[in-house]
Amino acid sequence: MRRKKMQKMRIILRPARLAVLALLLLAVSCGREKDVPDLCATNPQLPGCQVQCVVNSPVLKCPAGSHCDADGTCSVSCVRGDERCGSGTCTAEGRCVESSLLFDILDFPATKWAILILALVMPLASILTWMERRQSAMMQDRLGPNRANIGPIKLKGILHFVADAVKMIFKEDFIPANVHKGLFALAPILAIAPVFIAFAIIPFGPTIYPHALTETIDPYLASAGGDLFRDSIRLQIWQTDFGLIFYFAILTLANYGGTIAGWASYNKWALLGGLRSSSQMMSYEVAMGLSLMGAFLVVGSLEPGLIVAQGATTEMSPANPLNWLFLWQPVGLLLFFTAAIAETKRAPFDIPEGEPEIIGYFVEYSGLRWGLFFLAEFIEIVFISAVITTVFFGGYQVPFLETDGFHGFGMALPLPHVVVVLLQILAFGAKTFLLCWFQLMIRWTLPRFRADQLMNLGWKLLLPLSLANVMVTALIKLLFIKPGGAP
Amino acid sequence: MSHGHDHDHAPVATGPKVLAVHAKYADGRPRVRTVQVVRPQAEDTSFLAATAKGLGITLKHFARNLFFPMKKLATRAEAGAPAEEKWKNEIETVQYPEEKVTYPERFRGLHRLTLRDDGAVRCVACMCCPTVCPAHCITIIPEESGDAGIEKRPAQFEIDELRCVVCGLCVEACPCDAIRMDTGEHARPVEDRANAIETKASMMARGIRSTATQGGEGPNWRDGQVEGGASAEPGAHH
């Protein structure tokens, strides 16, 4: 009897042991990198030793407030707020630039946010509402909605999302008796706002040099600065070293929307849905975070912009598909994808809103308030696709397209900057769209899990596997990657 | 999963395996038992193979329906038509207002009032059809026809298509082949209930001449009848 108990304990402790091992390995691998003797102190003639930085390198970069000159030294021309620039302004890299109101506005985070949301996210999410029905129909040998039209413009029924929006706006906004009015009104906003905020970390395009649009850009020259490359616009709203952590933190808040909706609705089914949604989030958040740790170990950064700009290793161009993380972290990709679908609360993980059992946390909502929950779900699909694109599929990178044109297979095709930028933004959109499509495929292929199957999958399979993934990645890095070399 | 676990699945078919019986009823039936529960193995709970298989099936349907054109209308619409057409998709939908299927010969559609040879209404306002109508949807107001041989005709003949249950009893009851439902048309969607009422004019507009002889003029169907042959074909139907 006692022995059996011990065995049971051992099985329970297995994930914990894995975690401890993984952490130990992490510590060892990190520690070893620090123990590298400073070769440059003894051999200053070695290549790479004379320079403080390399222009445009995401790794050998200058500290904040300074920029890298072409001779490999970090220099500070100005500090924000001082007089050294005269009529110009000082950039974050400590460089004087002629200020231009237009480009200042374009480089303003709110502007970029508005452009990203209005030009990419909302159209994609809206079209998804139609695509979900049309695609599911085609998978089931039906036609699906194909009739909505404005006069003769039919577009295979894409305009159904306009009809849906108009319908939801003009429907009665019914608030049942006994609901908590404040929280009831707050919940849909809480569900949708965090997703919008989380988009801040996604790099949806390369850095644009507005004065050099027609030129073919030498990447090293661009980073050295100069008149042609001033007013650069980075197509990422917020660049921060803890980008992916930020996304975990913010997207978790979205779950409060569902939970509070369930709580405020004064309805048993809604409350059950809210509880299920919280329990599901708690179970899958762990595996989701851990499954990205492998990618973090490979790249050495949680900054999505850097993951895209560098790829898995600095030995290859980031535009080389071999350098994209789906080849380096296939298990991580699979685990993250599964956990992310659970996070969006869609089939097969849609027990919080399982229609035949409980309608879900938004059972008491109608009209546009319900529409917000609906839209939040689709924006989450877009967001998850954008994250997977960014981390695992090279973000905005087009295969073999460098800043100055196509390179590869012994050939080169120089392209002007504007074409490169457009191609790369398009590539980001296309990859995101394809992943959205794949999520819809999964949603209409798999039936819903039972609650216990859901928990089993999350705790007994995804979590140990993601721990093992971290461990194996750390081991490989520890054994096979030269310390101090490419991360 | 690909590797078979036949020994794992075997107990499921015969029920849980009884490990021990702790207590029994007086008649010997087991009361408290310890049974072995077969839990799914890790490779069964990963759902990976099943997911891949399912995705393959749905992807096949999706791709086929997305890239291939639709089947011919006849193949989609007709029951018993061969289901498989090469290089065509599998969607069976008939897009109604643009595409219409031919209805069966005996499909009961909108009513029509048949006409006499001179174009007058054939109905003699005998009131058989409003009497037999289970939905009370037929209203006839009769008037004198002015023809001594015919006596009556409907001044108004209205059918409320919203109340009509399309049972066809009116057609069966009519002694003069004056009302028929062989137009092959649906009751139309209307935005006002009043528009759903078929009038004498609208039903005569759909009217055709009856092939039945009328008023004793012309050849009588009895004329060709063989003595005692009750099964002779009535001329009214051809």
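This is a short chat about a predicted model, its helix α12(A), a helix pair and a chain contact.

User: Hi! What should I know before I start?

Analyst: The model is predicted, so local features need pLDDT of at least 70 and side-chain atom pairs count only at pLDDT 80 or more, while totals for chains, interfaces and linings use all residues. Residues are numbered from 1 along each chain as its sequence is written, and chains are lettered from A, with ligands numbered from 1, in the order in which they are written.

User: Cool. How many residues of α12(A) are buried?

Analyst: Eleven of its 14 residues, where buried takes 20 or more other C-beta atoms (placed from the backbone) within 10 Å of the residue's own. Among them are L333(A), F336(A) and E343(A). Helices here are DSSP runs of H or I, at least four residues, numbered from the N terminus.

User: And what covers those buried residues?

Analyst: The cover includes α8, α9, α11, α13, α14 and α15 of chain A.

User: Switching topic: at what angle do α13(A) and α14(A) pack?

Analyst: About 120°, with the axes 8 Å apart; axes are lines fitted to C-alpha atoms over the stretch in contact, and angles run from 0 to 180 degrees between N-to-C directions. The two helices are therefore oblique to each other, a class for angles not under 35, over 145 or from 65 to 115 degrees.

User: Last one: how many residues of chain A are in contact with chain B?

Analyst: 13 residues of chain A, in contact with 16 of chain B, contact being C-beta atoms, placed from the backbone, within 7 Å. On that side of chain A, α4 and α15 each supply at least two residues.

Notes
Two residues are in contact if their C-beta atoms, placed from the backbone, lie within 7 Å. A residue is buried if 20 or more other C-beta atoms lie within 10 Å of its own, exposed if 12 or fewer, and partly exposed in between; C-beta atoms are placed from the backbone.
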